[in-house]
Amino acid sequence: MKRKLLDILACPVCKYHPLGLEVVKEDDKEIVEGRLHCPKCNVYYPIEDSIPNMLPPEGH
Ligand SMILES: [Zn+2]
């Protein structure tokens, strides 16, 4: 995902914005691996193959 996407991504559960970002792997264009964090829900959303998985976690 592009870093710019952070400007528009919000937590799908509580709509918190902006989300925290931890980058594991990044190329010259985008974040390939990492995770997004909602401090309000204390939930992490994984980024895999440049795609953020914004599905609400199980049990929420
Ligand atoms: Zn949240």
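Is N42 buried or exposed? N42 counts as exposed, because 7 C-beta neighbours lie inside 10 Å. Here a residue is buried if 20 or more other C-beta atoms lie within 10 Å of its own, exposed if 12 or fewer, and partly exposed in between, with C-beta atoms placed from the backbone. The structure is a predicted model, in which local features need pLDDT of at least 70, side-chain atom pairs count only at pLDDT 80 or more, and totals for chains, interfaces and linings use all residues. Residues are numbered from 1 along each chain as its sequence is written.

The sheet comes next. Strands of a sheet pair through backbone hydrogen bonds, either parallel or antiparallel. In this model, an open sheet of 4 strands follows the order β1-β2-β3-β4, with antiparallel pairing. Strands are DSSP runs (E, at least two residues), as helices are (H or I, at least four), numbered from the N terminus. Two strands pair if DSSP finds at least two bridges between them. The edge strands, β1 (20–26) and β4 (51–52), each pair on one side only. Between β2 and β3 there are 5 bridges in the antiparallel sense. Within β3, V43 is the bridge partner of C38, and I47 stands opposite G34. Antiparallel β3 and β4 are joined by 2 bridges. Here I47 stands opposite P52 in β4.

Two loops carry unusual backbone angles. Most residues other than glycine have a negative phi, and most peptide bonds are trans. N42, in the loop between β2 and β3, is not a glycine, yet its phi is positive, near 55°. The hairpin of β2 and β3 has 4 residues between the strands. D49 sits in the loop between β3 and β4. Its phi is also positive, about 50°, although D49 is not a glycine. In this hairpin of β3 and β4, 2 residues lie between the strands. D49 is exposed, because 8 other C-beta atoms lie within 10 Å. A cis peptide bond, with omega about 0°, joins H17 and P18. P18 belongs to the segment before β1.

The nonpolar core was examined next. Such a core is a set of buried Ala, Val, Leu, Ile, Met, Phe, Trp, Tyr and Cys residues joined through C-beta atoms within 7 Å. The largest one has 7 residues in all: C11, L19, I31, L36, C38, Y45 and I47. Strands β2 (31–38) and β3 (43–48) each supply at least two residues of this core. The largest share, 3 residues, comes from β2. One core member, I31, is in contact with M1, R3, V23, E26, I47 and S50, leaving aside neighbours within four places in sequence. Contact means that the C-beta atoms of two residues, placed from the backbone, lie within 7 Å.

G34 lies in strand β2. G34 counts as buried, because 20 C-beta neighbours lie inside 10 Å. Not counting residues up to four places away in sequence, G34 touches L21, E22, V23, V24 and I47. G34 and I8 are 26 residues apart in sequence, and their C-alpha atoms are 17 Å apart in space. I47 thus recurs in this account: I47 is a member of the largest nonpolar core, a contact of I31 and a contact of G34.
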